[in-house]
Amino acid sequence: IASTVLNGKIWAIGGSSASILSSVEIYDPQTNSWSPGPALPIPIKNASAETIDGKIYLIGGHDGTQPLNKVIVHDPATNGWIEKASMSAGRHLFQTTTVDGKILAVGGAGNRNDVETYDPVANQWTSMPNLNVGRISPSTWSVRGITYVAGGYNGGSWLNSVERFDS
(Lines give C-alpha, C1' and ligand atoms only; values in the text may rest on other atoms or scores of the structure.)
Protein backbone atom coordinates (compact mmCIF):
# COMPACT_ATOMS: atom_id res chain seq x y z
CA ILE A 1 0.00 0.00 0.00
CA ALA A 2 1.00 3.61 -0.34
CA SER A 3 1.44 5.40 2.96
CA THR A 4 2.19 8.88 4.20
CA VAL A 5 1.61 11.10 7.23
CA LEU A 6 -0.79 14.06 7.30
CA ASN A 7 -1.50 16.09 10.44
CA GLY A 8 0.09 13.45 12.69
CA LYS A 9 -2.01 10.60 11.28
CA ILE A 10 -0.82 7.73 9.10
CA TRP A 11 -2.68 7.26 5.83
CA ALA A 12 -2.77 3.77 4.22
CA ILE A 13 -3.91 4.23 0.63
CA GLY A 14 -5.02 1.73 -2.02
CA GLY A 15 -3.78 -1.82 -2.29
CA SER A 16 -0.69 -3.91 -2.90
CA SER A 17 0.29 -6.82 -5.14
CA ALA A 18 -2.78 -9.02 -4.54
CA SER A 19 -5.41 -6.35 -3.85
CA ILE A 20 -6.51 -3.44 -5.98
CA LEU A 21 -8.39 -1.11 -3.63
CA SER A 22 -10.03 2.29 -3.64
CA SER A 23 -10.09 2.40 0.15
CA VAL A 24 -8.16 4.75 2.42
CA GLU A 25 -7.58 4.00 6.09
CA ILE A 26 -6.30 6.57 8.60
CA TYR A 27 -4.49 5.59 11.79
CA ASP A 28 -4.49 8.00 14.74
CA PRO A 29 -1.62 7.14 17.11
CA GLN A 30 -3.12 9.40 19.82
CA THR A 31 -6.26 7.26 20.07
CA ASN A 32 -4.74 4.02 18.73
CA SER A 33 -7.62 3.71 16.28
CA TRP A 34 -8.32 3.41 12.56
CA SER A 35 -10.99 5.27 10.60
CA PRO A 36 -11.98 5.32 6.94
CA GLY A 37 -10.67 8.14 4.77
CA PRO A 38 -12.04 9.56 1.52
CA ALA A 39 -12.21 6.77 -1.08
CA LEU A 40 -10.02 7.01 -4.15
CA PRO A 41 -11.73 7.81 -7.47
CA ILE A 42 -10.38 4.51 -8.91
CA PRO A 43 -8.99 1.30 -7.38
CA ILE A 44 -5.17 1.32 -7.30
CA LYS A 45 -2.32 -0.91 -6.13
CA ASN A 46 1.45 -0.32 -5.90
CA ALA A 47 1.22 3.47 -5.95
CA SER A 48 3.41 5.85 -3.94
CA ALA A 49 2.34 8.75 -1.70
CA GLU A 50 3.98 11.92 -0.41
CA THR A 51 2.71 14.81 1.70
CA ILE A 52 3.66 18.36 0.74
CA ASP A 53 2.18 21.58 2.13
CA GLY A 54 -0.67 19.77 3.90
CA LYS A 55 -1.81 17.79 0.84
CA ILE A 56 -1.37 14.12 -0.04
CA TYR A 57 -0.07 13.31 -3.53
CA LEU A 58 -0.84 9.76 -4.72
CA ILE A 59 1.30 8.93 -7.73
CA GLY A 60 1.20 6.16 -10.31
CA GLY A 61 0.31 2.62 -9.36
CA HIS A 62 -1.52 -0.09 -11.26
CA ASP A 63 -5.24 -0.57 -11.91
CA GLY A 64 -5.02 -4.33 -12.53
CA THR A 65 -4.72 -3.86 -16.28
CA GLN A 66 -1.95 -1.33 -16.76
CA PRO A 67 0.52 0.95 -14.96
CA LEU A 68 -0.90 4.38 -14.21
CA ASN A 69 0.69 7.77 -14.88
CA LYS A 70 -1.95 9.60 -12.83
CA VAL A 71 -1.38 11.96 -9.94
CA ILE A 72 -4.29 12.55 -7.60
CA VAL A 73 -4.17 14.95 -4.68
CA HIS A 74 -6.14 14.93 -1.44
CA ASP A 75 -6.81 18.38 -0.03
CA PRO A 76 -8.23 18.25 3.53
CA ALA A 77 -10.04 21.55 2.84
CA THR A 78 -12.32 19.80 0.32
CA ASN A 79 -11.93 16.23 1.70
CA GLY A 80 -11.78 14.95 -1.88
CA TRP A 81 -9.30 13.87 -4.54
CA ILE A 82 -8.45 15.93 -7.63
CA GLU A 83 -6.35 14.93 -10.62
CA LYS A 84 -3.15 16.82 -11.44
CA ALA A 85 -0.59 16.65 -14.28
CA SER A 86 0.33 13.08 -15.23
CA MET A 87 3.79 11.55 -15.40
CA SER A 88 5.24 10.90 -18.85
CA ALA A 89 4.40 7.18 -18.58
CA GLY A 90 2.71 4.77 -16.19
CA ARG A 91 4.83 3.64 -13.26
CA HIS A 92 4.33 1.08 -10.48
CA LEU A 93 6.57 -0.81 -8.05
CA PHE A 94 8.60 2.39 -7.78
CA GLN A 95 9.39 4.85 -5.00
CA THR A 96 9.02 8.55 -4.39
CA THR A 97 10.76 10.98 -2.11
CA THR A 98 10.53 14.72 -1.58
CA VAL A 99 13.42 17.11 -2.00
CA ASP A 100 13.31 20.91 -2.09
CA GLY A 101 9.47 20.88 -2.16
CA LYS A 102 9.33 18.58 -5.19
CA ILE A 103 8.51 14.89 -5.59
CA LEU A 104 10.94 12.52 -7.30
CA ALA A 105 9.54 9.32 -8.88
CA VAL A 106 12.30 6.73 -9.14
CA GLY A 107 12.58 3.39 -10.97
CA GLY A 108 9.73 0.91 -11.24
CA ALA A 109 8.48 -2.29 -12.84
CA GLY A 110 10.15 -3.05 -16.16
CA ASN A 111 13.56 -2.42 -14.59
CA ARG A 112 13.22 1.31 -15.10
CA ASN A 113 16.18 3.60 -14.57
CA ASP A 114 14.41 6.86 -15.34
CA VAL A 115 13.64 9.56 -12.79
CA GLU A 116 11.02 12.31 -13.00
CA THR A 117 10.38 15.21 -10.65
CA TYR A 118 7.03 16.84 -9.97
CA ASP A 119 6.69 20.49 -9.00
CA PRO A 120 3.36 20.90 -7.16
CA VAL A 121 3.40 24.69 -7.55
CA ALA A 122 3.84 24.55 -11.35
CA ASN A 123 1.86 21.27 -11.64
CA GLN A 124 4.56 20.00 -13.98
CA TRP A 125 6.78 16.92 -14.42
CA THR A 126 10.41 17.17 -15.57
CA SER A 127 12.86 14.44 -16.56
CA MET A 128 15.94 14.04 -14.36
CA PRO A 129 19.24 12.22 -14.94
CA ASN A 130 18.74 8.45 -15.16
CA LEU A 131 19.84 6.03 -12.47
CA ASN A 132 22.98 4.04 -13.27
CA VAL A 133 21.03 0.82 -12.67
CA GLY A 134 17.37 0.06 -13.36
CA ARG A 135 15.55 -0.67 -10.09
CA ILE A 136 12.20 -2.28 -9.32
CA SER A 137 10.92 -1.43 -5.82
CA PRO A 138 13.98 0.49 -4.59
CA SER A 139 14.20 2.42 -1.33
CA THR A 140 14.56 6.20 -1.63
CA TRP A 141 15.16 9.02 0.81
CA SER A 142 16.40 12.60 0.71
CA VAL A 143 18.60 14.41 3.22
CA ARG A 144 19.72 18.04 2.86
CA GLY A 145 19.08 18.16 -0.89
CA ILE A 146 20.73 14.82 -1.64
CA THR A 147 18.58 11.91 -2.80
CA TYR A 148 19.66 8.31 -2.19
CA VAL A 149 18.33 5.28 -4.06
CA ALA A 150 19.19 1.88 -2.65
CA GLY A 151 18.50 -1.76 -3.32
CA GLY A 152 15.61 -2.97 -5.37
CA TYR A 153 15.49 -5.65 -8.01
CA ASN A 154 16.96 -5.45 -11.52
CA GLY A 155 14.89 -8.20 -13.11
CA GLY A 156 17.46 -10.89 -12.35
CA SER A 157 18.75 -10.30 -8.84
CA TRP A 158 18.33 -8.18 -5.74
CA LEU A 159 20.65 -5.18 -5.62
CA ASN A 160 22.89 -4.12 -2.74
CA SER A 161 24.10 -0.87 -4.32
CA VAL A 162 23.30 2.75 -3.46
CA GLU A 163 23.18 5.73 -5.82
CA ARG A 164 23.03 9.39 -4.84
CA PHE A 165 21.89 12.52 -6.64
CA ASP A 166 22.74 16.01 -5.45
CA SER A 167 20.02 18.40 -6.56
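## Sheet, cores and cavity of a predicted model

In this predicted model, four strands (DSSP runs of E, at least two residues long, numbered from the N terminus) form an open sheet in the order β1-β2-β3-β4 with antiparallel pairing, where two strands pair if DSSP finds at least two bridges between them. Because β1 (2-6) and β4 (33-36) stand at the edges and have a single partner strand each, one side of each is left without a neighbour in the sheet. Between β1 and β2 (residues 9-13) the antiparallel pairing runs over five bridges, and Ser3 has Ala12 in β2 as its bridge partner.

Residues are numbered from 1 along each chain as its sequence is written. Local features need pLDDT of at least 70 and side-chain atom pairs count only at pLDDT 80 or more, while totals for chains, interfaces and linings use all residues, and side-chain values use heavy atoms, with hydrogens and water left out.

The model also holds nonpolar cores, that is, sets of buried Ala, Val, Leu, Ile, Met, Phe, Trp, Tyr and Cys residues joined through side-chain atoms within 4.5 Å, buried meaning under 20% relative accessible area with a 1.4 Å probe, protein chains only.

| Core | Size | Named residues |
|---|---|---|
| Largest | 15 residues | Ile13, Leu40, Leu58 and Trp81, with the most contacts inside it |
| Second, separate | 11 residues | including Ile52, Ile103, Ala105 and Trp125 |

Ile13 touches (heavy atoms within 4.5 Å) residues including Val24, Leu40, Leu58 and Trp81, not counting residues up to four places away in sequence.

Key
Buried < 20%, exposed > 50% of the residue type's maximum accessible area, 1.4 Å probe, protein only.
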